[in-house]
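Work through the following exercises with the sequence and the model at hand. Each task is followed by a solution in steps.

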Amino acid sequence: MMSCVQTVVSTDLGEVGVMILNCSTGESWYDTFDSGVEPQALLQISGDSGLYEITYTTEVGDVYEGSFMIE
């Protein structure tokens, strides 16, 4: 079964890189999208249980980080 992480931005951040890491399994996923053209993106992940870290990097180098748990 696959799961998705949906990202929606409310302002044009230019090119945005999204990296998701499952800290429990070591799996990682990466994608980029142009937030000026499409303000939302879907990134498929495995959905396996574990702690996930997510990092967004904007075109100008701003970095936003967070985490979530799938049980």
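**Exercise 1. Identify the residues that line the largest cavity of this predicted model, and sort them by class and by element.**

Step 1. The lining is made up of Val-5, Thr-7, Val-18, Asp-31, Phe-33, Ala-41, Leu-42 and Leu-43. The space these residues enclose comes to about 30 Å³. The structure has 1 cavity that reaches 30 Å³ or more.

Step 2. Assign the lining to elements. Two or more lining residues come from each of β1 (3–8), β3 (28–34) and β4 (40–45). The greatest share belongs to β4, with 3 residues.

Step 3. Sort by class. The lining of the largest cavity has 6 nonpolar residues, 1 polar and 1 charged.

**Exercise 2. Describe how the side chains of β4 are arranged, and state how β4 pairs with β1.**

Step 1. Separate the two faces of β4. Ala-41, Leu-43 and Ile-45 point to one face and are buried. Gln-40, Leu-42 and Gln-44 point to the other face and are not buried. The side chains thus alternate along the strand.

Step 2. Look at the pairing. β1 and β4 are antiparallel, with 6 bridges between them. In this pair, Ser-3 stands opposite Ile-45 of β4.

**Exercise 3. How many bridges join β2 to β3, and which residue of their hairpin takes a positive phi?**

Step 1. Strand β2 covers residues 15–22 and runs antiparallel to β3, joined by 7 bridges. Across this pair, Leu-21 faces Ser-28 in β3.

Step 2. Examine the connection. The hairpin of β2 and β3 has 5 residues between the strands. Within the hairpin, Gly-26 has a positive phi near 85°.

**Exercise 4. Compile the surroundings of Tyr-52 and Thr-58, and decide for each whether the residue is buried or exposed.**

Step 1. Locate the residues. Tyr-52 is in strand β5, and Thr-58 lies in β5 (residues 50–58) as well.

Step 2. Apply the cut-off for burial, which is under 20% relative accessible area. Tyr-52 is buried because its relative accessibility is 0%. Thr-58 is also buried, because its relative accessible area is 7%.

Step 3. List the contacts, leaving out residues up to four places away in sequence. Tyr-52 touches Ile-20, Leu-21, Asn-22, Trp-29, Ile-45, Ser-46, Gly-47, Gly-66, Ser-67, Phe-68 and Ile-70. Thr-58 touches Leu-13, Glu-15 and Tyr-64.

Step 4. Relate Tyr-52 to a residue of the cavity lining. Leu-42 is one of the lining residues. Tyr-52 and Leu-42 are 10 residues apart along the chain, and 16 Å separates their C-alpha atoms.

**Exercise 5. Why does Cys-4 form no disulfide with the closest cysteine, Cys-23?**

Step 1. Recall what the bond requires. A disulfide joins the sulfur atoms of two cysteines covalently. The cut-off used for the search is a sulfur pair within 2.5 Å.

Step 2. Check the distance. The sulfur of Cys-4 lies 20 Å from that of Cys-23, its closest cysteine sulfur, so the two are too far apart for a bond. Starting from Cys-23, the closest cysteine sulfur is that of Cys-4, again at 20 Å and too far for a bond.

Step 3. Check the accessibility. Cys-4 is partly exposed, with a relative accessible area of 45%. Cys-23 is partly exposed too, at 38%.

Step 4. Conclude. The search of the whole structure finds 0 disulfides.

Conventions: Residues numbered from 1 in each chain as written. Predicted model: local features only at pLDDT ≥ 70, side-chain atom pairs only at ≥ 80, totals over all residues. Heavy atoms only, no water. 1 Å grid on protein atoms, 1.4 Å probe; cavity = no way out; pocket = protein on both sides within 12 Å on 5 of 7 lines; lining within 4 Å. Points joined across faces, edges and corners; volume = space filled by probe spheres on them. Helix = DSSP H or I, 4+ residues; strand = E, 2+ residues; numbered from the N terminus. Nonpolar A, V, L, I, M, F, W, Y, C, P; charged D, E, K, R; others polar. Buried < 20%, exposed > 50% of the residue type's maximum accessible area, 1.4 Å probe, protein only. Pairing = 2+ DSSP bridges. Contact = heavy atoms within 4.5 Å.
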